[in-house]
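Visitor: I should like to learn how to read the features of a protein model. Please take me through them one at a time.

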Amino acid sequence: MKKGLNEYVEANKKELKFEYIKWDIKLKDTLYQFSAYVSLLYYEEIEKSDDDDELMEMKIHTAFVYLGSIVEALLYYFVEKKIWDSEKSRRKYLEIEEYKKLQNIAKTDNLYICELVKKEINFNDSINFNALINWAKYKKIVNEEILLKINDLRKYRNSVHINVYKSGWIIVFDKLEKAFIDTKEIFDYIEENL
């Protein structure tokens, strides 16, 4: 008999998978639900399936989309938590310098009188997954090995786009199993380093 989504949610909660997320209950609940859906998809739909290859690929794609979304949300949470707790960290990681144009210089196209100003970037402003990974790497907030695993998951998640799919880049079952192992290592790293 097939297990339902709620049974997988409860199993994840028994493992205390996301209990270290204290201040964002909605995020924690969504992570439990998405994680449960990936488990249900894997154990009930993929592992036990005798579907044709194309349908199996679509199910594996779906699992990667959800895994990538989970990891992206956790990375965002991790980075935000790391920099938000102290003013010093926020200045170190969010303050940037940029030139502010004050005045054009007459008879030139590309010369301006400028001043160098410091400003804090808004971390919530539509930062995409790749930019978040690059930013965490540049700021040395997450170690290189974990960032490589996160970036691989990002690439697999993006494989759901039609243009990637058209190119013949196929995700196979063993890549999904490796992604589960990598995801567990990412989860452990984030929990241990918060």
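Guide: We may begin with contacts along the chain. In this predicted model, 64% of the contacts between residues at least 6 apart in sequence join residues at least 24 apart.

Visitor: Which pattern of helices and strands does the protein follow along the sequence?

Guide: The pattern reads α-α-α-α-β-β-α-α-α-α, and the secondary structure comes to 8 helices and 2 strands. Of the 194 residues, 36% are buried. The accessible surface is about 12,200 Å², with 51% of that area belonging to carbon and sulfur atoms.

Visitor: How should a pair of aromatic rings be read, and how many such pairs does the whole structure hold?

Guide: The distance of the centres and the angle of the planes describe a pair of aromatic rings. The search of the whole structure finds 10 aromatic pairs. In one of them, the ring centres of W23 and Y77 are 5.5 Å apart and the planes lie at 25°, so this pair is stacked.

Visitor: Why does the pair of W23 and Y77 tie together separate parts of the sequence?

Guide: Because W23 lies in the loop between helix 1 (5–14) and helix 2, whereas Y77 belongs to helix 3, the pair ties together parts 54 residues apart in sequence. W23 is partly exposed, with a relative accessible area of 44%; Y77, at 3%, is buried.

Visitor: Is the pair of F64 and Y156 stacked or tilted?

Guide: The pair of F64 and Y156 is tilted, with 4.8 Å from centre to centre and 40° between the planes. F64 sits in helix 3 and Y156 in helix 6 (residues 144–158), so that pair links distant parts of the chain, 92 residues apart. Both F64 and Y156 are buried. Elsewhere, Y8, Y42, Y43 and F180 form one aromatic cluster.

Visitor: How is empty space found, and what is the volume of the largest pocket?

Guide: A probe the size of a water molecule, rolled over the atoms, shows where empty space is left. The largest pocket has a volume of about 380 Å³. Its lining comprises 16 residues, of which K17, S35, F180, K184 and F187 are the closest to the centre. Helix 2 (25–46), helix 3 (53–84) and helix 8 (173–193) are the elements that each give two or more residues to this lining.

Visitor: Which helix gives the most to the lining of the largest pocket, and how do the lining residues divide by character?

Guide: Helix 8 gives the most, with 7 residues. By character, the lining holds 7 nonpolar, 3 polar and 6 charged residues.

Notes: Residues numbered from 1 in each chain as written. Predicted model: local features only at pLDDT ≥ 70, side-chain atom pairs only at ≥ 80, totals over all residues. Heavy atoms only, no water. 1 Å grid on protein atoms, 1.4 Å probe; cavity = no way out; pocket = protein on both sides within 12 Å on 5 of 7 lines; lining within 4 Å. Points joined across faces, edges and corners; volume = space filled by probe spheres on them. Helix = DSSP H or I, 4+ residues; strand = E, 2+ residues; numbered from the N terminus. Nonpolar A, V, L, I, M, F, W, Y, C, P; charged D, E, K, R; others polar. Buried < 20%, exposed > 50% of the residue type's maximum accessible area, 1.4 Å probe, protein only. Contact = heavy atoms within 4.5 Å. Areas by Shrake-Rupley, 256 points an atom, 1.4 Å probe, with all protein chains shown as cover. Phe/Tyr/Trp six-rings, centres within 6.5 Å; stacked < 30°, edge-to-face > 60°.
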